Amino acid sequence: MSNASPVITIDGPSGSGKGTIASRLAKLLGFTLLDSGALYRVLGLAAERGGLAPGSDNEAIAALARTVEIGFGQPNVDSPWVEGSVWLGSDDVSLAIRTDEAGAMASQVAAIPAVRAALLQRQRDFLGENGLVADGRDMGTTVFPDAALKVFLTASVEARADRRYKQLIGKGIDAILPALLGELKERDARDTQRSASPMKPALDAIIIDSTVMSIEQVMAQITDLAREKLNR
Ligand code: C5P
């Protein structure tokens with residue numbers, strides 16, 4: 001990496017709490033946030049809108065990955081967008097990318113090796129003068145192998161499905177727990193078994209199992225680790 005700004009990577013499966021933790025940590029430390037899953041989600045949405053199907057149009061999807069305009073409203077960086085918002089060109093896709101269908105489409109485009117190659121430098125470009133908190137599946141293994149702190153945050157698939165269920169019900173959205181469990185298992189399998197950058201902890205990652213932890217407990221543990229590694 002050409003730049004000495006510190007990087008913290010938080011990898012793990014869907015529903016492990018890594019998105020919440022990464023965004024709180026970035027805010028706390030004054031770092032930029034890279035939500036790499038959102039990159040794959042926006043790309044999946046752009047492919048779908050362009051009528052491109054994973055499997056038959058892989059080259060065209062990889063070409064789209066190189067050029068598609070993706071914008072993030074950042075917590076600590078001067079940005080024209082509301083914090084946490086995600087943009088496809090001039091279209092606010094913050095909600096559209098969060099559906100379970102968009103997640104499934106993201107994991108299909110993410111399994112295309114040429115797509116991962118196309119997004120590699122785009123992800124590294126998020127590292128500017130501030131430090132970076134990068135959240136995803138392969139941040140510690142492939143994208144930022146020299147990160148100062150690598151966390152792999154996990155939880156049992158049942159606990160993750162239950163969190164998702166409560167989140168949806170809380171928003172007044174109908175949900176069926178066994179169906180959510182099945183979808184999560186399917187996504188886990190696709191993410192861990194693909195040949196290109198499969199989801200796995202980096203050898204030097206600290207593994208945290210959040211199955212019986214609250215988000216506050218996880219946050220406290222990771223904040224302590226970050227302060228220790230960054231001497232802050
Ligand atoms: O983290 P999130 O659920 O938003 O990610 C959506 C999908 O994008 C994941 O299921 C995974 O297939 C893919 N992804 C990936 N590599 C990353 C981040 C996400 O393959 N670094």
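**Exercise 1. Where does Ser197 lie, and in which loop?**

Before starting, note that this is a predicted model, in which local features need pLDDT of at least 70, side-chain atom pairs count only at pLDDT 80 or more, and totals for chains, interfaces and linings use all residues. Residues are numbered from 1 along each chain as its sequence is written, and side-chain values use heavy atoms, with hydrogens and water left out.

Solution.
- Step 1: Find the elements. Helices (H or I, at least four residues) and strands (E, at least two) are DSSP runs, numbered from the N terminus. Ser197 sits in the loop between helix 8 and strand 8.
- Step 2: Check the cover. Buried means under 20% relative accessible area, exposed means over 50%, and partly exposed is in between (1.4 Å probe, protein chains only). The areas themselves come from the Shrake-Rupley method. With a relative accessible area of 18%, Ser197 is buried.
- Step 3: Look at the backbone. Most residues other than glycine have a negative phi. Ser197, a residue other than glycine, has a positive phi near 50°.

**Exercise 2. Compare the span of helix 2 with its expected value, then describe its cover.**

Solution.
- Step 1: Work out the expectation. The rule is 1.5 Å times one less than the number of residues. For the 14 residues of helix 2 (residues 36-49), the span should be 20 Å.
- Step 2: Check it against the model. The end C-alpha atoms of helix 2 are 20 Å apart, so the two values agree.
- Step 3: Count the covered residues. In helix 2, 11 of the 14 residues are buried, so the helix is mostly covered by the definition of buried. Among them are Ala38, Tyr40, Arg41 and Gly44.
- Step 4: Step past the end of the helix. Just after helix 2, Gly51 takes a positive phi of about 75°.

**Exercise 3. Which parts of the chain do the salt bridges of Asp35, Asp204 and Asp188 link?**

Solution.
- Step 1: Set the rule. Side chains of opposite charge can pair when their charged atoms come close. Here a salt bridge is a side-chain nitrogen of Lys or Arg within 4 Å of a carboxyl oxygen of Asp or Glu. By this rule the count comes to 12 salt bridges.
- Step 2: Take Asp35. Its side chain meets that of Arg98 in a salt bridge at 3.0 Å, N to O. Asp35 is in strand 2 (residues 32-35) and Arg98 is in the loop between strand 5 (91-92) and helix 4, so the pair ties together parts 63 residues apart in sequence. Asp35 is buried at 18% relative accessibility, while Arg98 is partly exposed at 35%.
- Step 3: Take Asp204. Its partner is Lys150, with the closest N and O atoms 3.1 Å apart. This pair links distant parts of the chain, 54 residues apart: Asp204 is in the loop between helix 8 (177-193) and strand 8 (206-209), and Lys150 is in strand 7 (residues 149-154). Asp204 counts as partly exposed at 48%, whereas Lys150 is buried at 7%.
- Step 4: Take Asp188. It forms a salt bridge with Arg160, the closest N and O atoms being 2.6 Å apart. Asp188 belongs to helix 8 and Arg160 to helix 7 (residues 157-170), so parts 28 residues apart in sequence are tied together. Asp188 is buried at 14%, and Arg160 is buried at 4%.
- Step 5: Add a network. Salt bridges also link Arg137, Asp191 and Arg194.

**Exercise 4. Which residues gather in a patch of negative charge on the surface?**

Solution.
- Step 1: Set the rule. Patch residues have over 30% relative accessible area and no salt bridge, with like charges joined within 9 Å. Asp and Glu count as negative, and the place of a charge is CG of Asp or CD of Glu.
- Step 2: Name the members. They are Glu48, Glu101, Glu183 and Glu186.
- Step 3: Inspect one member. Glu101 is found in helix 4 (residues 100-109) and is exposed, with a relative accessible area of 59%.

**Exercise 5. How far apart in space are Gly136 and Ala38, C-alpha to C-alpha?**

Solution.
- Step 1: Place Gly136. This residue lies in strand 6 (residues 132-136) and is buried at 2% relative accessibility.
- Step 2: Read the distance. Gly136 and Ala38 are 98 residues apart in sequence and 9.1 Å apart in space.
- Step 3: Try another partner for Ala38. Ala147, in the loop between helix 6 (139-143) and strand 7, is 109 residues from Ala38 along the chain, with 20 Å between their C-alpha atoms.

Key. Patch = residues over 30% accessible without salt bridge, like charges linked within 9 Å, V, L, I, M, F, W, Y side chains within 5 Å. Areas by Shrake-Rupley, 256 points an atom, 1.4 Å probe, with all protein chains shown as cover.
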